[in-house]
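Me: I would like to learn how to read salt bridges and burial in a model. Please take me through a case.

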Amino acid sequence: MDVQTWTYIIVLLTFGLYIGIAIWARAGSTKEFYVAGGGVSPLANGLATAADWMSAASFLGMAGLISFNGYDGSVYLMGWTGGYVLLALLLAPYLRKFGKFTVPDFIGDRYYSNVARTIAVICALLVSFTYVAGQMRGVGLVFSRFLEVDINTGVFIGMIIVLFYAVLGGMKGITYTQVAQYCVLIFAFMVPAIFISIQMTGNPIPQFGMGGTVVGESVSLLDKLDGLSTDLGFAEYTNGSKSMIDIFFITAALMVGTAGLPHVIVRFFTVPKVRDARKSAGYALLFIAILYTTAPAIAVFARTNLIETVSNKEYEEMPAWFSKWEKTGLIEYDDKNNDGVIQYVADKNKNELTIDADIMVLANPEIANLPNWVIALVAAGGLAAALSTAAGLLLVISTSISHDLIKKQLKPDISDKGELIAARLSAVVAVCVAGYFGINPPDFVAATVALAFGLAAASFFPAIILGIFNKKMNKEGAVAGMVVGILAMLFYMLKFKFDMFGGGTKEDWWFGISPEGFGTVAMILNFVVSLVISRFTPNPPEDVQELVETIRIPSGAGEAVEH
Amino acid sequence: MDIEKRKKYWKENLGYLAILLTIWFLVSFGFGILLVDQLNTIKLGGFKLGFWFAQQGSIYVFVLLIFIYVRLMNKLDKKYNVNE
């Protein structure tokens with residue numbers, strides 16, 4: 001059977017599965033809609049969190065990024081996993097004990113202030129919308145490449161599927177579809193990786209194969225790749241070219257941003273007990289680590305394979321995948337010296353081949369000549385990754401509107417049933433907006449993803465940490481800290497990414513820190529401002545200090561959800 | 001629960017956090033970034049050690065750290081009788 005038939009079969013099977021689960025797990029109350037009734041087992045929550053977290057970017061984009069950046073790509077690997085240690089140790093157990101529905105709930109109650117709550121809502125919306133547009137685009141890409149439908153039709157189909165289970169099932173439906181989606185995506189990621197690892201190094205475990213010896217040669221794979229890279233004028237694969245300070249700050253910003261992302265945090269509200277929150281963070285990272293330790297291996301395999309396949313080879317003799325991707329514009333060949341041979345080198349004036357990093361995972365099975373069903377599986381995995389993350393984000397958006405804005409501020413006397421209808425309606429609106437951005441992507445999507453992490457790092461993370469670990473932190477300190485953090489982040493991003501406030505180039509970066517890494521600086525600013533201001537303003541009221549005491553003690557989390 | 005006991009529970013918790021987060025910092029920011037060039041002179045199989053920590057080792061340690069934390073805290077909760 002050809003790739004397209006296989007893709008139709010596998011994609012239809014998995015979509016049928018998601019819809020079946022959604023019908024089975026309908027939400028009947030706001031508590032079920034927001035936090036799946038608070039009764040999800042730690043294992044299921046770990047699986048769901050992993051799928052929630054791993055987006056189209058993790059599944060499709062990351063291995064490609066690492067492939068082209070070598071050691072510099074480590075920022076994503078450490079950044080997007082290390083954040084879970086912070087989440088597990090510093091946030092999840094306490095927020096679970098606090099036991100409400102959303103992050104703005106915590107900020108608003110802990111800082112006894114609707115101003116703080118509103119800032120948190122705006123941040124949550126900004127972060128989630130930025131993210132969700134990228135997911136919808138990912139869905140469209142997979143559809144257009146593998147099912148040969150128009151990219152917009154792809155986005156539209158994705159919207160309908162997400163709409164169906166997010167609106168019907170809320171958190172409950174999302175949780176159990178995410179469990180299924182994790183299984184699909186990890187299977188789809190591992191199968192080609194294992195195949196290629198055996199092909200190239202004879203070792204079936206990609207994590208070991210990456211450090212293994214090339215089949216039929218006596219040189220280790222990484223040494224060989226270092227050699228190939230330097231021969232073509234690229235930086236040594238294992239050394240990279242970013243400055244140490246920038247690597248340090250980007251890693252920190254991604255870690256802290258991860259721990260501050262509302263759609264991840266909210267998953268820990270769904271388990272029954274504090275100890276379950278800790279444990280499910282462990283499971284989540286374990287399941288994430290399976291993909292995140294395989295991705296760098298795929299990166300090495302793909303890079304080596306790519307260079308060996310294309311470098312100094314006749315253009316006419318390129319395999320079929322080459323021309324297929326050329327049609328999409330994601331591979332471009334420009335025969336500058338008219339010799340019909342592909343020169344793939346670092347020197348921009350001589351290089352004749354440009355390859356979009358995003359296609360590495362999708363093209364990898366084809367480059368390695370794997371069977372058609374494996375290629376189809378990767379497409380289904382990419383869709384699972386994009387849809388699961390999109391659903392999690394849409395839930396945060398709808399909850400922010402129906403719960404944090406309507407119930408908590410505009411219309412406190414709304415009935416549970418009314419709130420549930422509001423939640424479903426906001427989910428519908430959110431899906432439509434996300435779909436719109438998926439079809440008409442703003443050109444700044446890539447730049448704004450860095451902004452999403454920076455904002456989460458600069459706003460939520462310090463406010464939550466101080467709210468738990470500093471009993472005397474008051475609303476003046478927290479609000480001032482968040483505002484300064486957010487403004488600093490926005491300023492730096494607008495200046496260096498959008499050329500406002502005088503603009504600037506790489507040479508003008510403060511201390512050589514890129515906008516991606518500036519979230520760390522903004523976070524530190526937030527901490528400093530909060531601590532200083534809180535010393536000169538009144539202590540928080542007694543009942544708030546008592547609240548802090550209670551969230552530090554695990555017992556009694558069960559009852560906390562009830563009100 | 002009386003205030004003294006609460007304070008002691010919290011202090012022990014903070015002690016665990018300090019140790020675990022030090023290890024967290026060491027394997028990622030330490031071995032994977034700050035000391036990467038020095039460690040890269042050592043080889044672990046086909047890997048340079050610093051590179052291995054940055055792309056593999058730190059992630060394994062992160063997973064372990066959380067499960068160790070879960071065990072430590074479950075014990076601590078029992079000791080202070082605040083488990084559920």
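Reply: What follows covers salt bridges and the burial of their partners. This is a predicted model, in which local features need pLDDT of at least 70, side-chain atom pairs count only at pLDDT 80 or more, and totals for chains, interfaces and linings use all residues. Residues are numbered from 1 along each chain as its sequence is written, chains are lettered from A and ligands numbered from 1 in the order in which they are written, and side-chain values use heavy atoms, with hydrogens and water left out.

Me: How many salt bridges does a search of the whole structure find?

Reply: A salt bridge is a side-chain nitrogen of Lys or Arg within 4 Å of a carboxyl oxygen of Asp or Glu. Over all chains, the search finds 14. One of them pairs A:Glu549 with A:Lys471, the closest N and O atoms being 2.7 Å apart.

Me: Is A:Glu549 buried or exposed?

Reply: Buried means under 20% relative accessible area, exposed over 50%, and partly exposed in between (1.4 Å probe, protein chains only). A:Glu549 has 17% relative accessibility and so counts as buried, while A:Lys471, at 26%, is partly exposed.

Me: Which residues does the salt-bridge network join?

Reply: Bridges with shared partners join A:Asp105, A:Asp109, A:Arg117 and A:Lys408 into one network. Within this group, A:Arg117 meets A:Asp105 at 3.5 Å, N to O. A:Arg117 is buried at 6%, and A:Asp105 is buried at 0%.

Me: What distance separates B:Lys48 and A:Asp226 in their salt bridge?

Reply: Their side chains meet at 3.7 Å, N to O. Both B:Lys48 and A:Asp226 are buried.
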